Amino acid sequence: MEASSVLSCSSKTHFTMNLQLSSPPSSLCKHLVSFTPRTTIRHRVSCTTRNSLAVQEAPDSVSVATTSMPKIDKSGRFCSPRAARELALLIIYASCLEGSDPIRLFERRVNSRREPGYGFDKVSLLEYNHMSFGGPPVTTETVEEADELLRNDEKESAIEAEILSAPPKLVYSKLLLRFTRKLLVAVVEKWDSHARVIDKVVPPNWKVRDQPSGRILELSILHLAMSDITVLGTRHQIVINEAVDLAKRFCDGAAPRIINGCLRTFVKDLEGAHTAEASESKKQVAVEV
């Protein structure tokens with residue numbers, strides 16, 4: 001039975017939307033699973049005539065996060081679980097837009113041939129930051145300072161675009177690609193059941209029927225996190241933190257807070273169900289004795 005959530009799939013794991021989607025972005029059509037975070041511009045910059053440069057400091061959690069750099073293995077590829085979850089999210093997002101199976105899409109993406117003359121600069125991996133989030137407004141004294149900040153933002157966006165659209169085998173370690181596939185298999189396995197759960201826990205404005213593509217990213221993050229917990233058995237504290245960080249990185253507005261609340265509700269209900277099952281089992285054992 002198809003859930004009434006915005007995202008749903010059939011028993012044959014053919015991913016579809018309840019309403020027809022608009023055409024995918026041109027960048028997605030070109031790179032298949034490439035998209036740029038919605039928080040591409042890290043700071044809102046304004047130029048004033050003040051005598052000194054005024055910069056609003058970011059919260060400690062943000063300032064610490066933006067200093068974290070990705071883990072690179074000896075082969076010069078990403079090897080952190082964060083990178084695998086990010087890749088899995090890209091695949092799920094693209095599969096929803098295409099109406100295709102995410103596992104097949106992933107395998108096609110991994111095994112695709114490189115275009116003649118394609119070159120990938122591995123140095124960009126060292127400059128890519130999985131923990132780069134949008135920052136608070138920044139006020140500068142001169143137009144030159146504002147331009148410099150914008151140039152830095154554009155440079156970061158260019159690095160992101162290059163890495164997210166590069167052949168996965170050049171970017172991610174073999175171990176990480178296997179983990180990514182496990183995540184996708186888990187998502188497909190639990191898609192229908194989790195779609196029903198998501199439909200109950202998300203706010204009403206996330207289920208707007210006339211804009212079915214409006215919350216693909218947010219709902220994909222929920223599917224990914226719930227499957228990570230229930231199928232792979234990852235500790236829910238870790239998964240929720242990862243999901244919130246993905247939302248901060250790729251989504252707008254209150255999405256991180258809402259996703260955090262949805263997942264905590266999901267975990268609470270899950271633990272309640274397990275407790276009820278355990279209690280029922282003890283009763284049955286007592287009766288048999």
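Where is the place of R249? In this predicted model, R249 is found in helix α10, and its relative accessible area of 1% means that R249 is classed as buried. The side chain of R249 is joined to that of E86 by a polar contact of 3.2 Å.

## Charged pairs

Nine salt bridges are present in the structure. As a general point, side chains of opposite charge can pair when their charged atoms come close. Three of the pairs are set out below, with the N to O distance for each.

| Pair | N to O distance |
|---|---|
| E242 and R82 | 2.7 Å |
| D228 and R85 | 2.8 Å |
| R215 and E218 | 2.9 Å |

The salt bridge between E242 and R82 has its closest N and O atoms 2.7 Å apart. Because E242 belongs to helix α10 (residues 236-250) and R82 to helix α3 (residues 81-98), this pair ties together parts of the chain that are 160 residues apart in sequence. Both partners fall below the 20% cut-off that defines a buried residue: E242 has a relative accessibility of 13% and counts as buried, and R82, with a relative accessibility of 9%, counts as buried too.

Helix α3 also contributes R85, whose side chain meets that of D228 in a salt bridge of 2.8 Å, N to O. Here again distant parts of the chain are linked, since D228 sits in helix α9 (residues 216-230) and R85 in helix α3, with their positions 143 residues apart in sequence. D228 is buried at 1% relative accessibility, and R85 is buried with a relative accessible area of 6%.

In the pair formed by R215 and E218, the side chains meet in a salt bridge of 2.9 Å, N to O. The exposure of the partners is as follows: R215, at 24% relative accessibility, counts as partly exposed, whereas E218 is buried, with a relative accessible area of 0%. Through salt bridges that share partners, R82, R85, D228, E242 and D245 are joined into one network.

## Helix α3

How many of the 18 residues of α3 are buried? The number is 16, and α3 is therefore largely enclosed by the rest of the structure. The length of this helix can be checked against expectation: at 1.5 Å a residue, the 18 residues of α3 should span 26 Å, and the separation of its end C-alpha atoms, 26 Å, agrees with that value. After α3 comes G99, which has a positive phi, near 75 degrees.

## Helix α4

Helix α4 (residues 102-111) has P102, I103, L105, F106, R109 and V110 as buried residues. Around the helix axis these residues cover an arc of only 160 degrees, which means that they lie on the same side of α4. The face turned away from this buried side carries R104 and N111, which are exposed. At the N-terminal end, α4 is capped by D101, a side-chain oxygen of which lies 2.8 Å from the backbone nitrogen of I103.

## Aromatic pairs and the loop before α3

Two aromatic pairs occur in the structure. In one of them, the ring centres of F78 and Y128 are 5.8 Å apart and the ring planes stand at 35 degrees, so the pair is classed as tilted. F78 lies in the loop between α2 (60-65) and α3, and Y128 lies in the loop between α5 (123-127) and β5 (138-140), so this contact ties together parts that are 50 residues apart in sequence. The two residues are both buried, F78 at 0% relative accessibility and Y128 at 1%. Ring pairs link F78, Y128 and Y172 into a cluster.

Is K74 buried or exposed? K74, which is placed in the loop between α2 and α3, has a relative accessibility of 92% and therefore counts as exposed, in contrast to F78, which is buried. K74 and S173 are 99 residues apart in sequence, and their C-alpha atoms are 9.5 Å apart in space.

Key. Residues are numbered from 1 along each chain as its sequence is written. This is a predicted model: local features need pLDDT of at least 70, side-chain atom pairs count only at pLDDT 80 or more; totals for chains, interfaces and linings use all residues. Side-chain values use heavy atoms; hydrogens and water are left out. A salt bridge is a side-chain nitrogen of Lys or Arg within 4 Å of a carboxyl oxygen of Asp or Glu. Helices (H or I, at least four residues) and strands (E, at least two) are DSSP runs, numbered from the N terminus. Buried means under 20% relative accessible area, exposed over 50%, partly exposed in between (1.4 Å probe, protein chains only). A polar contact is a pair of N or O atoms within 3.5 Å; within protein, one must be able to donate a hydrogen and the other to accept it, and residues adjacent in sequence count only if both atoms are side-chain atoms. Rings of Phe, Tyr and Trp (its six-membered ring) pair if their centres lie within 6.5 Å; planes under 30 degrees apart count as stacked, over 60 as edge-to-face and the rest as tilted. The arc is that of the directions from the helix axis to the C-beta atoms. The expected span of a helix is 1.5 Å times one less than its number of residues.
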